[in-house]
Amino acid sequence: MNTSKLQVSVSEREMSRVAVKLFLGITEEWGLTDEQRCTLAGLGTRTTLHNWRHKLDANEPIKLSKDTLERLSYLAGIYKGVQLLFSDPRQWKNWVRKPNRDFGGASALDRMLAGRVVDLVDVRRYLDGWRGEHYA
């Protein structure tokens with residue numbers, strides 16, 4: 001039996017479980033609807049969200065596509081970036097909804113809800129650049 005393959009598989013499952021848990025926690029904190037969650041995660045239906053929740057509760061493995069894992073990773077980075085920029089937890093929650101001139105007057109959430117991976121990348125890069133200006 002190839003144990004290195006087994007270790008990778010278990011690691012991917014655990015990484016997916018952690019990513020889903022974090023994603024659901026972040027989107028809960030931001031007060032997002034299931035429809036918005038689906039858009040951010042690139043899911044076609046809410047059924048997948050319900051399956052994720054069921055699998056988390058039942059401690060069952062979750063397998064994410066590379067695209068979904070990438071999306072959830074960008075969201076985690078955005079969340080962390082907001083935390084690093086603001087000391088007040090209320091600001092972490094509100095920043096994503098505030099109009100932002102750098103996004104043409106739309107909020108970061110509006111930008112992310114356009115549904116493309118590049119929209120998540122843009123918000124993440126924006127925060128990384130902003131953080132670099134403040135901490136350089």
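Here are some exercises with worked solutions on a predicted model of a protein.

**Exercise 1. The overall layout**

Describe which elements the protein has and how much of it is buried.

*Solution.* Start with the elements: there are seven helices and zero strands. Reading from the N terminus, their order is α-α-α-α-α-α-α. Next, turn to burial: of the 136 residues, 35% are buried. The accessible surface then comes to about 8,200 Å², and carbon and sulfur atoms account for 50% of that area. Finally, look at the contacts between residues at least 6 apart in sequence: 60% of them join residues at least 24 apart.

**Exercise 2. The largest nonpolar core**

Find out how many residues the largest nonpolar core has, and which of them have the most contacts inside it.

*Solution.* The core holds 33 residues, and those with the most contacts inside it are Phe23, Trp30, Trp52, Leu72, Trp95 and Met112. Now ask where the core residues come from. Helix 1 (3-29), helix 2 (34-41), helix 3 (46-57), helix 4 (66-85), helix 5 (89-95), helix 6 (108-112) and helix 7 (117-135) each give at least two residues to this core. Helix 4 supplies the largest share, with six residues.

Two members of the core are good places to look around. Take Trp95 and set aside residues up to four places away in sequence: Trp95 touches Val82, Phe86, Asn100, Phe103, Ala108, Val123, Tyr126, Leu127 and Trp130. Then move to Phe23, which sits in helix 1. With a relative accessible area of 3%, Phe23 falls under the 20% limit and so counts as buried. Beyond its neighbours within four places in sequence, Phe23 is in contact with Arg37, Leu40, Ala41, Leu49, Trp52, Leu72 and Leu75. For one of these partners the spacing is worth noting: the C-alpha atoms of Phe23 and Arg37 lie 8.6 Å apart, while the two residues are 14 apart in sequence.

**Exercise 3. Two helices compared with their surroundings**

Work out which residues of helix 4 and of helix 2 are buried.

*Solution.* Begin with the dimensions of helix 4: its 20 residues reach 28 Å from first C-alpha to last, close to the 28 Å expected at 1.5 Å a residue. Its buried residues are Thr68, Arg71, Leu72, Leu75, Gly77, Ile78, Tyr79, Gly81, Val82 and Leu85.

In helix 2, the buried residues are Asp34, Arg37, Cys38, Leu40 and Ala41. These cover an arc of only 165° around the axis, so they lie on the same side of helix 2. Just after this helix comes Gly42, with a positive phi of about 75°.

**Exercise 4. Salt bridges**

Count the salt bridges, then see which parts of the chain some of them join.

*Solution.* The count is nine salt bridges. One of them pairs Arg53 with Asp34, with the closest N and O atoms 2.8 Å apart. Since Arg53 belongs to helix 3 and Asp34 to helix 2, this pair ties together parts that are 19 residues apart in sequence. Arg53 is partly exposed, at 25% relative accessible area.

A second case is Arg111 with Asp122, where the closest N and O atoms are 2.4 Å apart. Arg111 is in helix 6 and Asp122 in helix 7, so here the parts tied together are eleven residues apart in sequence. Partly exposed describes both partners: Arg111 has a relative accessible area of 26%, and Asp122 has one of 23%.

Shared partners add another level: salt bridges join Glu28, Asp34, Arg37 and Arg53 into one network.

For a third pair, take Arg90 and Asp88, whose side chains meet at 2.8 Å, N to O. Arg90 is exposed, with a relative accessible area of 57%, whereas Asp88 is partly exposed at 22%.

**Exercise 5. A positive phi**

Is Asn59 buried or exposed, and what is notable about its phi?

*Solution.* Place the residue: Asn59 lies in the loop between helix 3 and helix 4. Its relative accessibility is 59%, over the 50% limit, so Asn59 is exposed. Now check the backbone: phi of Asn59 is near 55°, a positive value in a residue other than glycine. To put that in context, most residues other than glycine have a negative phi.

How values were computed:
Residues are numbered from 1 along each chain as its sequence is written. This is a predicted model: local features need pLDDT of at least 70, side-chain atom pairs count only at pLDDT 80 or more; totals for chains, interfaces and linings use all residues. Side-chain values use heavy atoms; hydrogens and water are left out. A nonpolar core is a set of buried Ala, Val, Leu, Ile, Met, Phe, Trp, Tyr and Cys residues joined through side-chain atoms within 4.5 Å. Buried means under 20% relative accessible area, exposed over 50%, partly exposed in between (1.4 Å probe, protein chains only). Helices (H or I, at least four residues) and strands (E, at least two) are DSSP runs, numbered from the N terminus. Contact means heavy atoms within 4.5 Å. The expected span of a helix is 1.5 Å times one less than its number of residues. Accessible areas come from the Shrake-Rupley method with a 1.4 Å probe; for residues, only the protein chains shown count as cover. A salt bridge is a side-chain nitrogen of Lys or Arg within 4 Å of a carboxyl oxygen of Asp or Glu. The arc is that of the directions from the helix axis to the C-beta atoms.
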